[in-house]
Amino acid sequence: MEDYAARFAEFLEQIAAKIRSVTVDRVARGIRLTGLGILTVTLALTAVLFLLFAIFGALEIPLTTAGALALIGVLLVGVGTYLWIKRT
């Protein structure tokens, strides 16, 4: 009788482990990847923003504020035009 009880307990434990691997482990991995993705996007956008501020500051010294804004505007319009042409 004890042998059947032990085998039944092991069977239930295997079923629980299988269900957990199908559900909980996948969800935990998805949550972890989502969190890392949000962190990566936040850090990348912050780096791009600081890079734009640094470029603007470097251009502002020789060109004044209006010249730096105009040059950055021209560059962004040029990049946008290039991407618009390449979209097809």
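## Chatting through a two-helix model

Arg 7 is found in helix 1.

Q: Good place to start. Is Arg 7 buried or exposed?
A: Arg 7 is exposed in this predicted model, with a relative accessible area of 51%. The cut-off for calling a residue exposed is over 50%, so Arg 7 counts as exposed.

Q: And how far is Arg 7 from Gly 80 in space?
A: Their C-alpha atoms are 67 Å apart, and in sequence the two are separated by 73 residues.

Q: OK, zooming out. How many helices and strands does the protein chain have?
A: There are two helices and zero strands. Helix 1 covers residues 2–22, and helix 2 covers residues 24–86.

Q: What about the overall dimensions of the C-alpha trace?
A: Along the principal axes, the trace spans about 90 × 35 × 10 Å. The radius of gyration is 28 Å, whereas a compact globule of 88 residues would be near 12 Å.

Q: What share of the residues counts as buried, then?
A: Just 3% of the 88 residues in the protein chain.

Q: And what does the accessible surface come to?
A: About 7,800 Å², with 74% of that belonging to carbon and sulfur atoms.

Q: Which residues form the nonpolar patch on the surface?
A: That patch is made of Phe 8, Phe 11, Leu 12, Ile 15 and Ile 19. Together they have about 480 Å² of accessible area. Phe 8 is placed in helix 1.

Q: Switching to charges. Which residues make up the positive patch?
A: Lys 18, Arg 26, Arg 29 and Arg 32 form it on the surface. Helix 2 gives the largest share, three residues.

Q: Where does Arg 26 lie, and is Arg 26 buried or exposed?
A: Arg 26 lies in helix 2. Its relative accessible area is 52%, so Arg 26 is exposed.

Q: How many salt bridges does the structure hold?
A: One. The side chains of Arg 20 and Asp 25 meet there, at 3.3 Å from N to O.

Q: Nice. What is the relative accessible area of Asp 25?
A: For Asp 25 the value is 36%, which means Asp 25 is partly exposed.

Q: Last one: how far apart are the mean positions of the positive and negative charges?
A: They are 18 Å apart, taken over the 8 positive and 6 negative charges of the protein chain.

Key. Residues numbered from 1 in each chain as written. Predicted model: local features only at pLDDT ≥ 70, side-chain atom pairs only at ≥ 80, totals over all residues. Heavy atoms only, no water. Patch = residues over 30% accessible without salt bridge, like charges linked within 9 Å, V, L, I, M, F, W, Y side chains within 5 Å. Areas by Shrake-Rupley, 256 points an atom, 1.4 Å probe, with all protein chains shown as cover. Salt bridge = Lys/Arg side-chain N within 4 Å of Asp/Glu carboxyl O. Lys, Arg positive; Asp, Glu negative; His and termini not counted. Charge placed at Lys NZ, Arg CZ, Asp CG, Glu CD. Helix = DSSP H or I, 4+ residues; strand = E, 2+ residues; numbered from the N terminus. Buried < 20%, exposed > 50% of the residue type's maximum accessible area, 1.4 Å probe, protein only. Rg over C-alpha atoms; globule rule 2.2 N^0.38 Å.
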